[in-house]
Structures are given as C-alpha cells and as structure tokens.
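Visitor: Please show me the model, and then let us go through some of its strands and helices one by one.

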Amino acid sequence: MRRYSRIVGTGGYLPPRRVSNNELAAELAARGVQTSDEWIVERTGIHARHFAAPEVASSDLAEQAARQALEAAGVAAQDLDLVIVATSTPDMVFPSTATILQHKLGITNGCPAFDVQAVCSGFVYALTVADAMVQAGSARCALVVGAEVFSRILDFSDRTTCVLFGDGAGAVVLRAGDTPGILASDLHADGRHVGLLCVPGHVSGGAILGDPLLKMDGQAVFKLAVGVLEKTAHATLEKAGVAASEVDWLVPHQANIRIMQSTARRLHLPMERVVVTVGEHGNTSAASIPLALDHAVRAGQILPGQNVLLEGVGGGFTWGSLLVKM
Ligand code: ACO
C-alpha cells in the first residue's frame, strides 16, 4: 500500500511588536529615508509587519509556532522522528536552527534535525523533503517549520527593501498514513539569478567580509516570480491529476499582493480563494506560507478534505509548489 504524509496540525507565531507603515516611515525619516504608508500599501499591499526583540532568535519564534502545531495535532514533541527548519536567518552559522529547536522542544530521542536554505521557497522545499522521507518510510511524524528574523538583515537606509519584510514563524506536523495527504510537489532552482536577491556577506577569519544586508532588484524579482509561480502551479496540478478549478485555496508566498493577484489571474482563481496575510505580516520569507496556512486554518477558512495549493519563490532563484489535501 502506498504511504502518504498528511498535515495533522498547524501553528504560527508573530513577535508581539507590530510596526505599522506610518511608524516605520517615521523611524526611517529620522534617518533621512523617505517613504509613506500610501506608497507601501499601493505597491505591495503591506500595512504592517512584526519585528522581534533584539534578543529573540529564529529558534525562539520557531518554538512557539511548533508548540502550537504539536498541540493542534495532538502530538507530543518526543513522538517526532524528524525536525526540519527552513530559514535564511539561522541563530548561528552552525549548528542548525533545527537542532537548537529540537533541544528547546525537549526532544531527546535522537531524531534527525536539519535546516533547509531556499530563502522564501524554504518552506515548500522543506515540506517536500519531509514528505519524501515519510513516503520512503524513514519518518512517521515530522515537524516542518519556517522561521525568520529578516529584520536583522534589512538595510534601513534602502527604502526599496526595508519596508517589505517582517519576522515570524509557521509550522506543520506531518503524519504518515495510507490516505493522501500531500498529493504532489514540484521544486526548481536557477543559480544564474543568485545576484538578484541576496545577502552577499560571509564570515571569514573572525570578521564579516562583504555586505551582510539584503540586496534585491525588485523589478527583476517581480517579473521572474510571476512566470515561475504559474509554471510550478501547473506542473504540480498536472502531477496530481487535479484541475486548477478544483483548488479550494491558494496559499502563496506572501511577498506582494500584486504578485499574488497576477498568479491568481493566470490560474483563473478568484482572489476569494487566495489566502492573503501580507497586509499584516509583510514578507516573512520561509515563514510566510506556513503562517498564512495556519491563519486560514484557525480562521475556519481552510477545512478538512479541501485541496490547498502552496507555492513559493525566492532568492537563488528558487521556486516550487505542493498540492495538499487537508
Ligand atoms: N517608498 C517610497 N518610494 C519608493 C520606495 C519606498 N519604500 N521604494 C522605492 N520607491 C521609489 C523608487 O525610488 C522609484 O522612484 P523613481 O521613479 O523616482 O526612481 C519609484 O518608487 C518606483 O520604484 P520601482 O522599483 O519601480 O517600484 P515597483 O513598483 O517596482 O515596486 C517593489 C517595488 C515593491 C520592490 C516591487 O518591485 C516588488 O514587489 N518586487 C518583488 C519583490 C519581492 O517579491 N521580493 C521577495 C522575493 S522572495 C525572497 O526570496 C525574499
């Protein structure tokens, strides 16, 4: 009998400090950087984002989201046999944020724990890896988390990027079973575009070499994103043998409302079937999809048995999607 993985619990966590566009604009103005609520809302759909306190790390946000997901799933942390964290803002260069999270959750059963680095596609990558491990029989109960403190890598003198991102974490618990579950997935990368969206600095000889802050060519990212999101959605739907009209909910990476509108239009999905949290979350990179998923589950929008299409795109360039029966 074929083995599937199924999402049995979701969780999400935003740090308490909510920063509205007006508050951010005032802080930036004090540094001589001009922006406005009107510009940010019109170009991105973002009204606010959350920023973590300086002492709070990705693993702290991940722990909160993970505990919620475990509770929703009715699973004890010790029963997990796989922990994957998708992050581009890890607590340390090494060890992985996943091992730090494993310790914070009190898991001492020796289960594998590792990070996945695919920037804003990180959660889609991590969920695909976890699903493959469950299908292969090497895991039965997996925790998959997207967690980020992007505020740490923002250049607050660059108004074209610093208004876009926020901090947060989202999580799911996957369980093995004989009914689907995750129906299909599709992953891609194209390293020719490394320079379009990157944090070029690195640690060497006890110092940071190069710029450790986020750089992005927003217009180029926008154009690439819209094309690849449509392609990956069709590829996943085709693999699953499901028509776009049978998708109950699209949960896209929350980068920009205009990218989401364009993707929905290309898939002939009305915006009423698209989960949109970018307005209150901003772009939380690898955390954005599980945060949006959790939001829609807890709001009673996404219901058991529905078809949910998750899709992400990010630095690398990386992109991918999964079709999930909830
Ligand atoms: N406030 C006010 N004005 C601004 C701001 C700001 N925050 N940022 C840029 N502007 C100005 C520019 O300087 C420019 O002024 P000019 O015409 O006088 O030169 C004008 O606004 C228009 O700038 P554009 O870059 O053309 O604006 P655009 O409509 O392309 O929107 C944006 C920019 C929002 C960044 C858009 O390109 C975008 O969303 N791109 C995709 C970004 C994205 O999704 N990134 C995440 C990918 S996932 C990951 O891996 C992290």
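Visitor: Which strand pairs with S6 over nine bridges?
Guide: This is a predicted model, in which local features need pLDDT of at least 70 and side-chain atom pairs count only at pLDDT 80 or more, while totals for chains, interfaces and linings use all residues. Residues are numbered from 1 along each chain as its sequence is written, and side-chain values use heavy atoms, without hydrogens and water. Strands are DSSP runs of E with at least two residues, helices runs of H or I with at least four, numbered from the N terminus, and two strands pair if DSSP finds at least two bridges between them. Strand S6 (residues 141–149) runs antiparallel to its partner, where aspartate 167 is the bridge partner of valine 149, and that partner is S7.

Visitor: Which residue of S7 stands opposite tyrosine 13?
Guide: Strand S1 (residues 4–13) is joined to S7 by nine bridges in the antiparallel sense. Opposite tyrosine 13 in S7 stands alanine 169.

Visitor: How many of the eleven residues of S7 are buried?
Guide: Buried means under 20% relative accessible area, exposed over 50% and partly exposed in between, with a 1.4 Å probe and protein chains only. Strand S7 (residues 167–177) is largely enclosed by the rest of the structure, because its buried residues number nine.

Visitor: How far apart are the end C-alpha atoms of helix H7?
Guide: The expected span is 1.5 Å times one less than the number of residues. For the 23 residues of H7 (residues 218–240) this gives 33 Å, which agrees with the distance in the model, 32 Å.
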